[in-house]
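Reader: I'm in my first year and still learning to read structures. Could you pick one part of this one and take me through it closely, from its surroundings to the way its pieces meet?

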Amino acid sequence: MQVFIKYFLIIAVLILSDESHLLASGKKSHLMKPSDSLKILNQGKVLFLKFCAHCHGMHGGGDGFNAEFIDKDPADLSDPKFQAKRSNEKIFRAISLGGSKVKKSHLMPPFGHTLSVEEIWSLVLYIRNLGINNIFVVPPKDIQMERPRNPELTRQDIIYFLKWFDEYGQTKEQTDAGKILIMNKKSCLGCHQLNEEGGRIGPDLNRSSFNYKPEWLYAWISNPQIFRPHTKMPNLGLEPKEARAIVSYLVSFQPDGEVKKSKISELLDKYLTDKGDPKRGYEIFNDPEGIANCAKCHLVNGVGGFVGPELSFVGTSRTREFLLESILDPSAVISSGYKTMMILTKERKFITGIKKNEDDTGFYLMNKEGKEVYIPKSKIKKSKTQKISTMPGNFKDLLKVKDVADILAYLSELTLPAMSASVN
Ligand code: HEC
Ligand code: HEC
Ligand code: HEC
């Protein structure tokens, strides 16, 4: 009941500035039905857990798992002092535009290129509810309910990028410009590591040149949601020239100190000289009776399992070297969102699986068979993230060189038509 009443008590009328399309607001604020505000509050919570909790903590206390890895403490959003000093509009602007545009740390990413105006208001409402004095938030009427989608990328954009990259991609001017953007202006290091520095939400970027094709880096950082609509990486609203410079820097990047050599570096010649037969690769990949049976765990164009990542356009994004490593030594790099977790229950049972989600009450794991299991925290004695992939690690011994070459040929053909201008 109390929840309902407080929504009627204080009404903060929100005045939005019109300086940016990101803040495009509706006309007038209006009173919502309590059932609506609860719905919005819940939407805010879901978004907060997905996009914010890794830094700000599940209850906004600034203590998410990623907080210790970044140079600036994420704000404690539940702190009464914080709550008192910020208007709803100010909070909205910080979320929409990101830290650097509101004179705060560049490590706080912008979400206005990813979420709808309505969704950002739901986050403001959720944040207000973390405080003790709940201030009433009424989103303005007629606000944008659709998520932004820009920029769309065309084949022309990719062809242009490749030409540009050939000519200027490795010039000092570009790599320097990219370095400044990554280190001091954009929020990449809030979520990614370079050398030892930076967050751990996404994959580390130390090996970008080994793992990813340059045109993929460009396309991905320009608009990740085109490729994976549910990704946790926000669209950062980069201008094309910023995205190009960032790619230049990532491709040129060499980690400090001794570079950990990939275990497969001596095997490259052995496996990559044979061009391979993609048709045969397809059969090996999909044969349910075969040794590989990759399709048991991987989805390709709507067919296959869900234990591992979808591979429908892995030939567009990954280099052949990285694909080879993923098959022969899967634990070398564990794809983002596929960490294996081991849980020991109070009844002394071990459960392992890929951690798919976590909330206040428990963990959601996916086991090797693709089944989702929920484990309440009250039943857990100990839990640990493992360094070993759920993908079998013995394909090097089980598969012949020719089989692997054929699978690689097949994977290399899994591309996105719009990006098939690939030079590799
Ligand atoms: C990569 C870590 C990270 C993520 C993810 C993140 N934040 Fe932040 N956030 C920060 C940091 C760091 C600050 C502190 C900035 C400062 O004080 O200079 C901050 C500050 C803020 C502020 C306070 C701005 C002010 O006026 O002082 C708000 C509000 C906020 N974040 C909301 C959110 C919301 C909502 C999300 C999810 C949609 C989110 N943040 C996701 C790191 C993050
Ligand atoms: C709020 C956190 C966040 C920020 C900020 C962020 N990323 Fe990411 N990034 C992620 C996550 C999470 C993934 C894994 C996404 C997935 O697989 O869906 C990812 C994935 C990636 C990948 C790998 C894509 C692939 O093919 O798997 C690259 C490259 C990347 N990010 C580069 C960057 C760069 C460069 C920046 C800054 C311009 C940046 N990211 C900013 C969270 C972030
Ligand atoms: C038991 C399930 C399972 C089987 C069988 C399996 N994989 Fe995987 N695969 C995974 C999981 C889980 C990951 C993510 C963790 C990691 O990176 O190791 C993964 C990751 C990958 C990646 C990296 C994808 C990326 O985006 O970084 C590739 C490529 C891959 N697998 C190819 C294959 C091929 C080819 C086969 C058959 C020879 C195969 N997998 C068999 C579960 C499986």
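Author: Gladly; what follows begins at one ligand, moves along the helices beside it, and then looks at the other ligands and a sheet.

This is a predicted model, in which local features need pLDDT of at least 70 and side-chain atom pairs count only at pLDDT 80 or more, while totals for chains, interfaces and linings use all residues. Residues are numbered from 1 along each chain as its sequence is written, and chains are lettered from A and ligands numbered from 1 in the order in which they are written.

Let's start at ligand 2. There are 26 residues around ligand 2, and those that come nearest are Cys 188, Cys 191, Gly 202, Thr 231 and Met 233. Here a residue is near a molecule or strand if its C-beta atom, placed from the backbone, lies within 6 Å of it. Two helices, H9 (188–191) and H11 (214–222), each give at least two residues to this shell. Helices (H or I, at least four residues) and strands (E, at least two) are DSSP runs, numbered from the N terminus. By class, the shell around ligand 2 has 14 nonpolar, nine polar and three charged residues. In this scheme Ala, Val, Leu, Ile, Met, Phe, Trp, Tyr, Cys and Pro count as nonpolar, Asp, Glu, Lys and Arg as charged, and the others, Gly among them, as polar.

Now follow H11 away from the ligand. The axes of H11 and H13 come within 9 Å and cross at roughly 135°. Axes are lines fitted to C-alpha atoms, for helices over the stretch in contact, and angles run from 0 to 180 degrees between N-to-C directions. H11 is therefore oblique to H13: angles under 35 degrees count as roughly parallel, over 145 as roughly antiparallel, 65 to 115 as roughly perpendicular and the rest as oblique. The crossing of H11 and H13 is also right-handed; a crossing is left-handed if the near helix is turned anticlockwise from the far one by less than a right angle, and right-handed if clockwise.

Which residues of H11 and H13 meet? From H11 come Pro 214, Leu 217, Tyr 218, Ile 221 and Ser 222, and from H13 Ala 243, Arg 244, Ile 246, Val 247, Leu 250 and Val 251. Two residues are in contact if their C-beta atoms, placed from the backbone, lie within 7 Å. Nine nonpolar residues, one polar and one charged make up this contact of H11 with H13.

H13 (residues 240–252) also packs with H8 (residues 172–185), at an angle of about 100° and with the axes 7 Å apart. H8 is therefore roughly perpendicular to H13. On the H8 side, the contact is made by Gln 174, Thr 175, Ala 177, Gly 178, Lys 179, Leu 181 and Ile 182, and on the H13 side by Glu 242, Ala 245, Ile 246, Ser 248, Tyr 249 and Ser 252. The contact of H8 with H13 holds six nonpolar, five polar and two charged residues.

Back to H9, with a second ligand in view. H9 also supplies at least two residues of the shell around ligand 1, as do H3 (53–56) and H5 (88–97). The largest share of that shell, four residues, comes from H5. Of the 26 residues around ligand 1, Cys 52, Cys 55, Lys 104, Ser 105 and Gly 190 come nearest, and the shell divides into 15 nonpolar, seven polar and four charged residues.

Ligand 3 has 26 residues around it, with Cys 294, Cys 297, Gly 308, Ser 389 and Met 391 coming nearest. Helix H17 (residues 320–328) gives the largest share of this shell, three residues. The classes around ligand 3 are 17 nonpolar, seven polar and two charged.

Last comes the sheet. Five strands form an open, antiparallel sheet in the order E8-E7-E6-E5-E9. E8 (372–376) and E9 (380–385) stand at the edges with a single partner strand each, so one side of each is left without a neighbour in the sheet. Two strands pair if DSSP finds at least two bridges between them. Five bridges join E5 (residues 340–345) to E6 (residues 350–358), and Leu 344 has Phe 350 in E6 as its bridge partner. E6 and E7 (residues 362–366) pair over four bridges: Glu 358 stands opposite Phe 363, and Asn 357 opposite Tyr 364. A hairpin through three residues joins E6 to E7.
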